Amino acid sequence: MDLTGKTAIITGAAGGIGRATARLMAQQGAAVVVADLNEAVLETAAMIRAAGGQAEALVTDCATDEGVAAIVARAVERFGGIDILHANAGITGGLLPRLDTSSADFMEVLRINLLGPWIAIRTALPHMQTGGAIICTASVAGLRAGAGPIPYSASKAGVVNLVQSTAMALTGRGIRVNGVAPGLIDTPMTAPLFDDARARGREDRIGQLNPLRRGGEAQEIAEAVVWLASDAARYVNGQVLAVDGGLSSQLPFTPKWSI
Ligand SMILES: NC(=O)c1ccc[n+]([C@@H]2O[C@H](COP(=O)([O-])OP(=O)(O)OC[C@H]3O[C@@H](n4cnc5c(N)ncnc54)[C@H](O)[C@@H]3O)[C@@H](O)[C@H]2O)c1
């Protein structure tokens, strides 16, 4: 998983999966450019620099042409190019399934979760060479129903196909495009759920739907992303890897083997 000499962009890196990935990529030797709307992304870069790594941070919208152009320009000016793009910024648009979501709210989820990764890919690609790697953060909610609200799940299903379609469109370029589909991970996004369970002493109930019977940690997603970014995954392309404790591998009809 050595990333020495590589430059990585990570969007949505103020905390959670993006911060964990940025820190791990830097530990593996990459120079990183981290971006987020949340100013806490500056702390992500400061942590990496304090640990001896190279990091630049931008507080910007990662789902606008201008915001992404600024991120890409920073990577190119400061580090000379882009080897890895982790398009990770996302929102849930609310955790509960609703049938009355307005068009504006639906489109905002699509803008950030699906258009954002596309803008990042389109803008970064001219600066990427053979050997480059793109990783998008999808979700198990994008694989099938039952793991998230409707706009969120539809946006993440879009990310799954964005990965497949861009991998194919890059035929012959030697740039791989993959995704990760996290299950239920303890991050700022899911904090209301984890906090509520902890407050009620029901933390042991989290993750009970997957065979490992626990929620995941951001570090566990970061390790999958870094693997996909590295040459260790050099023949893995156009795939979305579920990192979910086995949640998406099962249907709810068989009796539980452990009972
Ligand atoms: N936590 C989970 O259980 C889980 C499961 C599946 C997928 N995911 C996905 O993982 C990714 C990271 O989420 P996380 O769980 O680490 O939560 P998180 O909320 O810590 O991370 C998402 C980050 O994206 C940033 N962001 C949102 N909109 C932005 C925009 N327009 N421009 C720039 N930054 C923006 C947020 O400020 C936040 O820092 C998201 O795409 C999320 O959908 C999370």
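Colleague: Which residues come nearest to the ligand in this model?
Modeller: This is a predicted model, where local features need pLDDT of at least 70, side-chain atom pairs count only at pLDDT 80 or more, and totals for chains, interfaces and linings use all residues. Residues are numbered from 1 along each chain as its sequence is written, and side-chain values use heavy atoms, leaving out hydrogens and water. A residue is near the ligand if one of its heavy atoms lies within 4 Å of it. Among the 29 residues around the ligand, those that come nearest are Ile17, Asp36, Asn88, Tyr152 and Thr187.

Colleague: Thanks! How far is an oxygen atom of the ligand from an N or O atom in the side chain of Thr187?
Modeller: Happy to help! A polar contact is a pair of N or O atoms within 3.5 Å. For an oxygen atom of the ligand and the side chain of Lys156, the distance is 2.8 Å. For Thr187, the distance from a ligand oxygen to a side-chain N or O atom is 2.6 Å.

Colleague: Which residue forms a salt bridge with Asp61?
Modeller: A salt bridge here is a side-chain nitrogen of Lys or Arg within 4 Å of a carboxyl oxygen of Asp or Glu. Asp61 lies in the loop between strand 3 and helix 3, and its partner is in helix 4 (residues 103–124), so the pair ties together parts 50 residues apart in sequence. With the closest N and O atoms 3.1 Å apart, the partner is Arg111.

Colleague: Is Asp61 buried or exposed?
Modeller: Buried means under 20% relative accessible area, exposed over 50%, and partly exposed in between (1.4 Å probe, protein chains only). Because its relative accessible area is 18%, Asp61 is buried.

Notes. A polar contact is a pair of N or O atoms within 3.5 Å; within protein, one must be able to donate a hydrogen and the other to accept it, and residues adjacent in sequence count only if both atoms are side-chain atoms. Helices (H or I, at least four residues) and strands (E, at least two) are DSSP runs, numbered from the N terminus.
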